[in-house]
Every structure is written in structure tokens, then in C-alpha cells.
Amino acid sequence: MKRNAFLIILLVIFLFTSSGYSQVVTEKTKKKISIGVGLNTDIMINMPSGIKARAINQGVTVLGTYNIPFGKSDFSFAIGVALSSHNIYGNFTVNSTPDSTTLLKIPDSINYKKSKMSITYAEIPIEFRFKSKSKVSVVAGFKAGFMIGSNSKYNGDGPIVTTNYTLNATGNQRAKFWGIKNLEQFTYGPTLRIGYKWFNVAGYYMISNLFTKNRGPEMYPISVGIMLMPF
């Protein structure tokens, strides 16, 4: 998803959680609706030989859920929708054809500022929540996602030759292409959050691979970060 789209989503969330809106929403409604914004990094597992990911691979998650309390207890069930963006920075370029996708190591002799691939998912999270009277919360869940967009970017010197673009050997250059082939359309995995009031530490373990079996690297991310849930 484009950066501008996320900025719009974040603006909408800010407006909904502003003091003016809070005066309209009843306490009962607040208890049934949760909205969160998360910042995370992806730890890449099972990278191809010679390919290294950056230590910080920043991503964003926007989450909205409807909560169903279990009577008057501290436990509840929640289901909702989410958008998440995963960015993988590294010493590679993406070579993508209809039958196969590979990550090729950028030669050590080439200077570059950035090379990455980005994937965006629409997701359905399901969660079981515990929130104590002291505002400490533990949330365990599972989410399934559908891939809605992907792209690869390169910013650096040439020569760089891929199946999607070719850069000559002169000076710093930029390249970008949309639609990385052979990505898994459906993803899934367990989630966990531990928090106090509106601040949470969050994790997600993607059980499914990023790429279709036998058509791309058998790699997957473990996401860790923070999630702010002011509403």
C-alpha cells in the first residue's frame, strides 16, 4: 500500500479518537470497539544463502475490532479487520517471472542506498482478551490475511540487471516495479499482545511462507513491535 494511503488511515484514526469525537461516543460503545496502530520490525527466517536482511525492517499495522465480553468477567472475544505492510530491506534485488522468483545478491563492488521489497495484506484477526482492573492486558489470537499489493525498489549505482528492470553503470539511479510474482495470496499465523492501558508489545508469527512452494524462497517473517490502542 502506498505511503499516502497509510497517512490517510492514521489521520482518520486520530480524528476518531480526538476529544470532540469522544464526547459523542458512549462508554458502552467504547468497550465494544477497539482501534489500534502498530509499528513493527520483521525478523526474516530462512533467508536464501548469501542474502541478508537489515536489522530493522519497519512495517505498519492498522487494526479495528468489535469486542464481545464474556459476561462481567475480565475476558472477551474480538474479531475485526486490519491492514499490514511488511518491508524487507537487504543486499538483494528481486527477480520475478511467472514461474519463479529469486533474490539475487547485489555485488559487493556496487554501492547502493536501499533495496527492498514491500508486501501489503488485508487481514481478519480473531482474539481472546484478558484485561484486569489494573488495566494490564494479555491478548492471544490468530489472523489470516490476503495479499493485496507488492512492489520492489532499488536506489543505488549500476549496473543492475533483473527480470523487471535494467540499470546502466552510470551514477545513482532508482527503479521500482509493482506486482512481485509467486507470492502466497493467503497468509496466517498466531498473534500475541501484552500491554498496559493503551500501550502494547505485539508479536506475529507467520506460519505460511511469503512465496508459493517451489516458486520462491521458503522464507517467512516473525514480526515484533508496539501497538498503540487509544480507543
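This report describes the overall make-up, salt bridges, a charged surface patch and two residue environments of a predicted model.

**Overall make-up**

The protein has 231 residues, of which 44% are buried. Its secondary structure consists of 3 helices and 13 strands. Of the contacts between residues at least 6 apart in sequence, 66% join residues at least 24 apart. The exposed surface comes to about 12,500 Å², with carbon and sulfur atoms supplying 64% of that area.

**Salt bridges**

Side chains of opposite charge can pair when their charged atoms come close. The whole structure holds 5 salt bridges. The table lists three of them, including the N to O distance for each pair.

| Salt bridge | N to O distance |
|---|---|
| K105 and D108 | 2.7 Å |
| E127 and R129 | 2.7 Å |
| R193 and E127 | 2.6 Å |

E127 appears in two of these rows, paired with R129 and with R193. The pair of R193 and E127 links distant parts of the chain: R193 lies in strand β11 (residues 186-196) and E127 in strand β6, with their positions 66 residues apart in sequence. R193 and E127 are both buried, and R129 is buried as well. Through shared partners, the salt bridges join E127, R129 and R193 into one network.

The pair of K105 and D108 has another setting. K105 has a relative accessible area of 40%, so this residue is classed as partly exposed. D108 reaches 70% relative accessibility and therefore counts as exposed.

**The positive patch and strand β6**

R54, K113, K114, R174 and K176 form a positive patch on the surface. Two strands, β6 (112-131) and β10 (172-178), each supply at least two residues of this patch. One of the patch members, K113, is placed in strand β6. K113 counts as exposed because its relative accessible area is 67%, and the cut-off for that class is over 50%.

Strand β6 also holds Y112. How exposed is Y112? Its relative accessibility is 32%, so Y112 is partly exposed. Leaving out residues up to four places away in sequence, Y112 touches G90, N91, I106, Y154, N155, G156 and D157. For one of these partners, N155, the C-alpha to C-alpha distance from Y112 is 6.0 Å, while the two residues are 43 apart in sequence.

Strand β6 thus recurs in several of these descriptions: K113 is found there, as is Y112, and E127 of the salt-bridge network lies in this strand too.

**S208 in a loop**

S208 sits in the loop between β12 (199-205) and β13 (220-228). Is this loop residue S208 buried or exposed? S208 is buried, because its relative accessible area is 6%, and buried means under 20%. Apart from neighbours within four places in sequence, S208 is in contact with F186, T187, Y188 and Y220. T187, one of these partners, is 21 residues from S208 in sequence, and the two C-alpha atoms are 5.5 Å apart in space.

Definitions and conventions. Residues are numbered from 1 along each chain as its sequence is written. This is a predicted model: local features need pLDDT of at least 70, side-chain atom pairs count only at pLDDT 80 or more; totals for chains, interfaces and linings use all residues. Side-chain values use heavy atoms; hydrogens and water are left out. Patches are made of residues with over 30% relative accessible area and no salt bridge: like charges are joined within 9 Å, nonpolar side chains (Val, Leu, Ile, Met, Phe, Trp, Tyr) within 5 Å. Accessible areas come from the Shrake-Rupley method with a 1.4 Å probe; for residues, only the protein chains shown count as cover. A salt bridge is a side-chain nitrogen of Lys or Arg within 4 Å of a carboxyl oxygen of Asp or Glu. Lys and Arg count as positive and Asp and Glu as negative; His and the chain ends are not counted. The place of a charge is taken as NZ of Lys, CZ of Arg, CG of Asp or CD of Glu. Helices (H or I, at least four residues) and strands (E, at least two) are DSSP runs, numbered from the N terminus. Buried means under 20% relative accessible area, exposed over 50%, partly exposed in between (1.4 Å probe, protein chains only). Contact means heavy atoms within 4.5 Å.
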